[in-house]
Amino acid sequence: MKTPFMFFVVVAIMLLLDLYIFMAIKSLSASALPKTRSIIFYSFWFLTLLTVSAMTFLSFGDPKSVTVTTRSYIVAVVMGLTVSKIAAVTFFLIDDIRRIVQWLVTKSMSINTETSQINNDKISRSEFLSWMGVAAGSTLFGSLIYGFSNKYNYTVKRIKLSYDNLPAAFKGFKIVFISDIHAGSLTDKHAVKEGVDKILAEKADMAIFSGDLVNDRSSEMDDYKDIFGKIKAPYGVFSTLGNHDYGDYVQWPYQGVSKVQNLENLKKVHADMGWKLMMNEHAVLEKDGDQIAVIGVENWGAKARFPKFGDLKQAAAGTEKYPFKILISHDPSHWDAQVRPLFPDIDLTVSGHTHGMQYGLDIPGFKWSPVQYVYKQWKGLYEQGKQKLYVNTGFGFIGYPGRVGILPEITVIELV
């Protein structure tokens with residue numbers, strides 16, 4: 001929304017949406033006391049005014065006049081209100097379609113009836129559908145507000161993976177796996193440190209990070225490098241790049257730094273923390289005479305809008321002699337597109353990227369998120385034949401500063 005024209009188009013659409021919702025609310029509150037109706041009506045339009053004011057500020061205000069945190073909350077509230085209104089309108093629209101159909105049927109039945117005195121011009125709204133719309137919108141918005149408190153609620157997920165071809169020395173090998181830190185969104189160092197402490201408490205043999213260390217700029221890690229640099233493991237910390245790490249979503253140069261230099265600076269951040277950044281390459285782990293291979297590729301996404309810098313053929317070259325292989329690839333769509341059909345000897349792939357959309361349900365026996373309509377593999381363990389994929393829902397967050405149902409994740413994988 002960079003031009004005044006687009007701004008006014010979006011605002012006009014939102015006002016029409018609000019007017020449509022207002023008519024439904026007006027109908028629902030018809031039996032309320034006049035004072036109650038006035039409070040409802042004034043509150044509704046006051047909220048609309050605040051939303052338009054916020055959008056005006058976001059579009060034309062000085063970004064430096066508020067903190068990144070404040071701006072992210074403003075964006076989240078505006079988007080939350082918009083999505084909630086769309087949810088409510090869905091029910092109102094279903095009701096209006098019902099009313100139109102009912103009106104047409106009634107008209108067609110009475111058009112030749114001379115004695116008909118029935119008022120066919122007005123079909124009342126369904127209170128059930130209208131209240132369902134209000135409930136759906138209110139519940140959705142309320143859940144998004146509640147989700148603000150969950151963004152640092154780190155959850156440890158434990159999983160044991162069994163392989164027949166795993167070398168004996170690596171049975172019981174523990175891997176702690178995180179993804180999508182998005183340092184530019186983090187604002188609470190103490191909370192982040194508590195998350196890292198949970199990682200360290202696992203005393204894993206190896207640690208893996210599967211990309212999106214930052215939102216855009218390497219400088220986002222300036223305040224957090226000391227915290228994440230504490231992550232150590234006897235067999236090393238292996239990392240790779242995600243789509244955000246390339247700086248594709250910001251204009252360059254930024255504060256005198258070019259896009260190319262930014263990526264080089266980010267590589268140095270990994271090195272400074274003692275993390276082995278895997279740039280289309282592999283490493284060999286040896287334990288008690290047995291060996292396994294860890295392969296890492298740059299970002300490779302099957303969706304057209306994401307970069308394909310990963311070169312799995314190059315990264316896996318020479319690993320044929322190792323009986324067990326782990327692949328670190330940021331985007332889980334890589335698994336179906338290349339890994340499974342072309343590299344059947346890769347036993348375990350670990351990915352992130354989806355965040356579980358930071359919104360959904362995750363209860364025993366059932367998981368759901370809107371992101372599943374975009375990504376077939378979006379959270380947890382997937383198996384096909386002898387190959388396995390695990391998708392971590394992310395340590396950090398981006399865009400919406402919260403989590404609803406899909407909490408920030410620390411995965412502990414034990415090979416058995």
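Colleague: Why is arginine 340 said to lie over the face of tryptophan 335?

Modeller: Arginine 340 is 5.4 Å from the ring centre of tryptophan 335. A charge sits over a ring if NZ of Lys or CZ of Arg is within 6 Å of the ring centre and within 35 degrees of the ring normal. The 5.4 Å passes the distance limit, so that part of the test is met. Arginine 217 is another case: its charged end sits over the ring of tyrosine 254, 4.0 Å from the centre.

Colleague: What kind of model is this, and how are residues numbered?

Modeller: This is a predicted model, with residues numbered from 1 along each chain as its sequence is written. Local features need pLDDT of at least 70, side-chain atom pairs count only at pLDDT 80 or more, totals for chains, interfaces and linings use all residues, and side-chain values use heavy atoms, without hydrogens and water.

Colleague: What makes tyrosine 152 and phenylalanine 397 an edge-to-face pair?

Modeller: Rings of Phe, Tyr and Trp (its six-membered ring) pair if their centres lie within 6.5 Å; planes under 30 degrees apart are stacked, over 60 edge-to-face, the rest tilted. By this rule the count is 17 aromatic pairs. Here the centres are 5.8 Å apart and the planes stand at 75 degrees, so the pair is edge-to-face. The two residues are 245 residues apart in the chain. Both belong to one aromatic cluster with Tyr154, Phe228 and Phe395.

Colleague: How do you know whether phenylalanine 397 is buried or exposed?

Modeller: Buried means under 20% relative accessible area, exposed over 50%, partly exposed in between (1.4 Å probe, protein chains only). Phenylalanine 397 has 3%, so the verdict is buried. Tyrosine 152 has 16%, so the verdict is buried here too.

Colleague: Why is tyrosine 235 called partly exposed?

Modeller: Its relative accessible area is 23%, so tyrosine 235 falls between the two limits. Phenylalanine 173 has 0% and is buried. These two form an edge-to-face pair, 5.4 Å centre to centre, with 70 degrees between the planes.

Colleague: What makes a set of residues a nonpolar core?

Modeller: The members are buried Ala, Val, Leu, Ile, Met, Phe, Trp, Tyr and Cys residues, joined through side-chain atoms within 4.5 Å. The largest such core has 35 residues, and Ile181, Leu213 and Phe228 have the most contacts inside it. A second, separate core of 25 residues includes Leu161, Tyr163, Ile328 and Ile413. In soluble globular proteins, nonpolar side chains tend to be buried together.

Technical notes: Helices (H or I, at least four residues) and strands (E, at least two) are DSSP runs, numbered from the N terminus.
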